[in-house]
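Got your viewer open? Let's take a walk through some side-chain contacts, one selection at a time.

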Amino acid sequence: VLLLAVVAGGAWYTSPAWMNGPVSDDRLRIANALASRDVIGIVHADVARTLKIEERLTGARDADALLSADDTLDSLIAAGLDPADIDDILAASYAGPAGMHWTIAITGRIDPQAVQTWIGDRFDVERTGGDTVFFSWLDEQRCEQVPMKAARISPTSIVITDADRVDEVWARIQSGAPAEVAIDDWLGMTGHQLVTLGIMNPAGLGQAADGMAGMMLAAASQAAMPAEALYVGIAPALAPPGVVLTGGVTSDNAGFLDLVHSSGASWLDEVRSTVADQPDVLDLVDRITIEREGRMVTAGIRFDTNVDEEIETLLGGVME
């Protein structure tokens, strides 16, 4: 009874952070704008909700927990840009004749001058025009300057993309342009996950990188050809506290989905028999679920707060 009372009390205290939330108008408008016809992938990070859960569980924001401290984060804080002021981060990648390009949109309470100062300190600013900063940097691997980017900054958002696309992207956001590809499934997932990645064009994965990485992604795209979209996400878990890593595939090809589901179930049975003499690994394997429902096959695994350690244990046991 005491345990039930503790769990119930914890659920009541943290429920606003754990419960599925409505997709905000800003998130919907930006997601639709980023989902143009040439999009390959789109990702959303719910920064505000991540920090809220982190603070509810630990009593304070921990820079070494869900938001890992690094040079970029440290420099943002030093410039007066607090992660707690950020609501959402959305990013999308696109295929084009000249290769891949991307757009990042950040919403929250923005200090435009602090952002411009931060960009000036870390990049090569070409010029500044009103609310837009045009900048570039040296690609150390290729020893060449990357094509010029532009950051359009307002008190509520930052949009970063290729310099020649910034007006087009900004216009789509401001006008409330509709999505040109299907993102309803992905958008719904953002309501309960902390991070949600959707590959809206699996066939275009081979264009996402050069060299060996591009070849591997091209092979993956061929294997996923019957799929309409692929999804990967991180959702919070309450009892015990932790995260659930999820993956999914949607398709109108029922035979393809049946094959994915049966192959996954067979693999899981094989892994269980392989690690039967390793209780710590078997416990993690038993947390894996594979489900087939409607047009989607989903898989998930729950990790406790020591995520890195449990992933290492799982991979070590499965790959032996």
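Is Arg109 buried, partly exposed or exposed? Select it: the relative accessible area is 46%, so Arg109 is partly exposed. Keep in mind as you click around that this is a predicted model.

**Stop 1: Asp87 and Arg109**

Now add Asp87 to the selection. Its side chain and that of Arg109 meet in a salt bridge, with N to O at 3.4 Å. Asp87 belongs to strand 2 (residues 86-96), while Arg109 sits in the loop between strand 3 (99-108) and helix 5 (112-122), so this contact ties together parts that are 22 residues apart in sequence. Asp87 has 26% relative accessibility, so it counts as partly exposed. The structure as a whole holds 19 salt bridges, so there's another set to visit next.

**Stop 2: around Arg287**

Select Asp283 and Arg287. Their side chains form a salt bridge too, 2.9 Å from N to O. How do the two ends differ in burial? Asp283 is partly exposed at 39% relative accessibility, whereas Arg287 is buried, with a relative accessible area of 15%.

Stay on Arg287 and bring in Asp304. These two also form a salt bridge, and their closest N and O atoms are 3.5 Å apart. Here the pair links distant parts of the chain: Arg287 is in the loop between helix 10 (279-285) and strand 13 (289-293), and Asp304 is in strand 14 (residues 296-304), 17 residues apart. Asp304 comes in at 18% relative accessibility, which counts as buried.

To see the wider picture, extend the selection to Arg302 and Glu310: together with Asp283, Arg287 and Asp304, they are linked in a network of salt bridges.

**Stop 3: the aromatic rings**

Time to switch to rings. The structure holds four aromatic pairs. Pick Trp118 and Phe123: the ring centres are 5.9 Å apart and the planes are at 75°, so this pair is edge-to-face. Trp118 is buried, with a relative accessible area of 15%, while Phe123 is partly exposed at 22%.

Keep Phe123 and add Trp137. This aromatic pair is tilted, at 5.4 Å centre to centre with 55° between the planes. Phe123 lies in the loop between helix 5 and strand 4 (124-129), and Trp137 in the loop between strand 5 (132-136) and strand 6 (138-139), so the pair ties together parts that are 14 residues apart in sequence. Trp137 is partly exposed, with a relative accessible area of 27%.

Then put Phe135 into the selection as well: Trp118, Phe123, Phe135 and Trp137 form one aromatic cluster.

**Stop 4: charges over rings**

Two last selections. Show Arg127 with Phe134, and you'll find the arginine over the face of the ring, 3.9 Å from the ring centre. Then jump to Tyr94 and Arg165: the charged end of Arg165 sits over the tyrosine ring, 4.7 Å from its centre.

Note on methods. Residues are numbered from 1 along each chain as its sequence is written. This is a predicted model: local features need pLDDT of at least 70, side-chain atom pairs count only at pLDDT 80 or more; totals for chains, interfaces and linings use all residues. Side-chain values use heavy atoms; hydrogens and water are left out. A salt bridge is a side-chain nitrogen of Lys or Arg within 4 Å of a carboxyl oxygen of Asp or Glu. Helices (H or I, at least four residues) and strands (E, at least two) are DSSP runs, numbered from the N terminus. Buried means under 20% relative accessible area, exposed over 50%, partly exposed in between (1.4 Å probe, protein chains only). Rings of Phe, Tyr and Trp (its six-membered ring) pair if their centres lie within 6.5 Å; planes under 30 degrees apart count as stacked, over 60 as edge-to-face and the rest as tilted. A charge sits over a ring if NZ of Lys or CZ of Arg is within 6 Å of the ring centre and within 35 degrees of the ring normal.
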